[in-house]
Amino acid sequence: MAQELALIRWTETGIILDPNHDDFDVAPTVIHALRGAPGGPRRTIKVGVLECQRCVEINRSSTSVYLRRRGDRLTVAHHKSDEGPCYQPEGPEHLAWKERIATDAERAGFTAVMESSTKDRSIRSDVVIIGAQGQEVAWEVQMSRIRAPQVLKRSHSALRQGRSPSWLTTDRRAGSPTRALINRAPWSMVTQIVPEQIRMGRAARVVGGLRNFAWQRCIELPGRCPESTGIGGWTYDCGDWHGSWEKVTVPVEDFVGKTAAGLYVPIAVPGVDHNSVMRMWVRPEDHEAYAHERGRRFTEQDLPEHLRIATPPPRAPAGTRRARSKESKLHTTRKGGTGMMSAEASMPVEAELAEQVHLPVLTRQAPPTDLEVSAGVDEVDAWFQVAVAEPCSRYLGSQERMCSASPTRLYPQGRRCFEHAPNAFTTMP
């Protein structure tokens, strides 16, 4: 998110309210207990009942806040000053990636606007890049916890305003709090480097969310034939050609420039179960080739309605029956003392990796006519596709320093950049 509101703590109960959600990410009974139930007398939130966690963090003299209604939604305001809510400071990594994306876009000849709001002021994107044909790519750098409904809502708002959403993250950990954005919107995952190196333009590569379509003989594919059923034994070579999406890694600056130029476009391919979807950036010619083979296109408008990017349905209203105290969510004690579930517990299977979406495999008895163009791989490009953002350990005696260039691959002599690689096309097994 471009700017994240600071959390609010109910001091008497330890319950945490999140102003980044319309419902504050709590049960309706919590809001009713604070402000009064609908149709009942209005309660006043006194000083000291709610405190802003950002104000506590920076040790402000007045930390108390209350809830007030603005139009059809509740907002947070500070007591005494009557100011609006506080914002969480953006981390150094988040700030560095925003600057890097804008810089890479401008170096590629495009216009980049940081903290750009949509016309209806519904969302504000970290960076908006004006593309070659006037199209806008709205970049969201996501380093903090986010839920799938937030991703869907912000992506839907961007699409409604004519912008192509593009989410970026660096977190690969299992159960990562940012995994909910994967496949929920066009996304990319980049190698993780320190903020100073991000600003310096040090090499970083897109390692997820980007793919090329390619045809291969069945015998050249790893493992068994993708169409083998196992009935009567596995098949390892059916003799046909199979078309599939292969992972690709490219430098971040190339990816930023090519998405703005329209040389990479987002597509959404339904899985074989028709209940999942893989969203990825691909070359336009690969999209056309895949669409020609499948007989349909793969844009958001072409997806079944239940798979499209759309605003999430509203949370079901609370029942009219008044719950007993021991059953009320307001008085339920949860582990951790915060009164809310942990991010990992609240994020279901919807945050799975893209690799867990099974796509249909295309099969041909004869190779496609344009195979020479789609299957050719440049050796130099292949070297850089598997290189990583680690410094070269070659010692330069004449300069009395390490090379430290990046990216590198691992050799028996240590990590070497392309210039100092003993053999640029072989690595340690």
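In what order do the strands of the open sheet of 3 strands run? The answer is β12-β13-β17, with antiparallel pairing. Keep in mind that this is a predicted model. The chain has 429 residues, 43% of which count as buried, and its secondary structure comes to 10 helices and 21 strands.

**The chain overall**

- Take the contacts between residues at least 6 apart in sequence: 57% of them join residues at least 24 apart.
- About 23100 Å² of the chain is exposed, and carbon and sulfur atoms account for 50% of that area.

**The open sheet**

- β12 (211–217) and β17 (362–364) are the edge strands, each pairing on one side only.
- From one strand to the next, the twist averages 35 degrees.
- β12 and β13 (residues 241–247) run antiparallel and are joined by 7 bridges.
- If you want a spot to look at in β13, find His-242, which stands opposite Gln-216.
- As a reminder, strands of a sheet pair through backbone hydrogen bonds, either parallel or antiparallel.

**Nonpolar cores**

- The largest nonpolar core holds 27 residues, and Trp-97, Ile-101, Ile-129, Trp-139, Leu-210 and Phe-255 have the most contacts inside it.
- Four elements put at least two residues each into this core: the helices α3 (92–107) and α6 (252–261), plus the strands β7 (124–130) and β8 (136–141).
- The top contributor is α3, which gives 5 residues to this core.
- Ile-129 makes a good starting point for a tour: leaving aside neighbours within four places in sequence, its contacts include Ile-101, Ala-105, Phe-110, Trp-139, Val-256 and Ala-260.
- The contacts of Ile-129 also take in Thr-111, Gln-135 and Glu-136, again leaving aside neighbours within four places in sequence.
- Another core lies apart from this one and has 22 residues, among them Trp-10, Val-30, Leu-50 and Cys-52.

**Backbone oddities**

- There's a cis peptide bond from Ser-406 to Pro-407, with omega near 10 degrees.
- Pro-407 itself is in the loop between β19 (401–402) and β20 (409–411).
- Phe-24 isn't a glycine, yet its phi is positive, near 60 degrees.
- You'll find Phe-24 in the loop between β2 (16–17) and α1 (28–35), and it counts as buried because its relative accessibility is 2%.
- His-274 is another non-glycine with a positive phi, about 60 degrees.
- The loop between β15 (265–270) and β16 (277–282) is home to His-274, and this residue counts as exposed, since its relative accessibility is 56%.

**Cysteines without disulfides**

- A disulfide is a covalent bond between the sulfur atoms of two cysteines.
- With a cut-off of 2.5 Å between cysteine sulfur atoms, the count of disulfides is 0.
- Why doesn't Cys-403 form a bond with the closest cysteine sulfur? That sulfur, in Cys-392, is 3.9 Å from the sulfur of Cys-403, so the pair is too far for a bond.
- Cys-417 tells a similar story: its closest cysteine sulfur is in Cys-392 and lies 3.9 Å from its own, which is too far for a bond.
- Cys-403 counts as buried at 13% relative accessibility, and Cys-417 is buried with a relative accessible area of 6%.

Key
Residues are numbered from 1 along each chain as its sequence is written. This is a predicted model: local features need pLDDT of at least 70, side-chain atom pairs count only at pLDDT 80 or more; totals for chains, interfaces and linings use all residues. Side-chain values use heavy atoms; hydrogens and water are left out. A nonpolar core is a set of buried Ala, Val, Leu, Ile, Met, Phe, Trp, Tyr and Cys residues joined through side-chain atoms within 4.5 Å. Buried means under 20% relative accessible area, exposed over 50%, partly exposed in between (1.4 Å probe, protein chains only). Contact means heavy atoms within 4.5 Å. Accessible areas come from the Shrake-Rupley method with a 1.4 Å probe; for residues, only the protein chains shown count as cover. Two strands pair if DSSP finds at least two bridges between them. Axes are lines fitted to C-alpha atoms, for helices over the stretch in contact, and angles run from 0 to 180 degrees between N-to-C directions.
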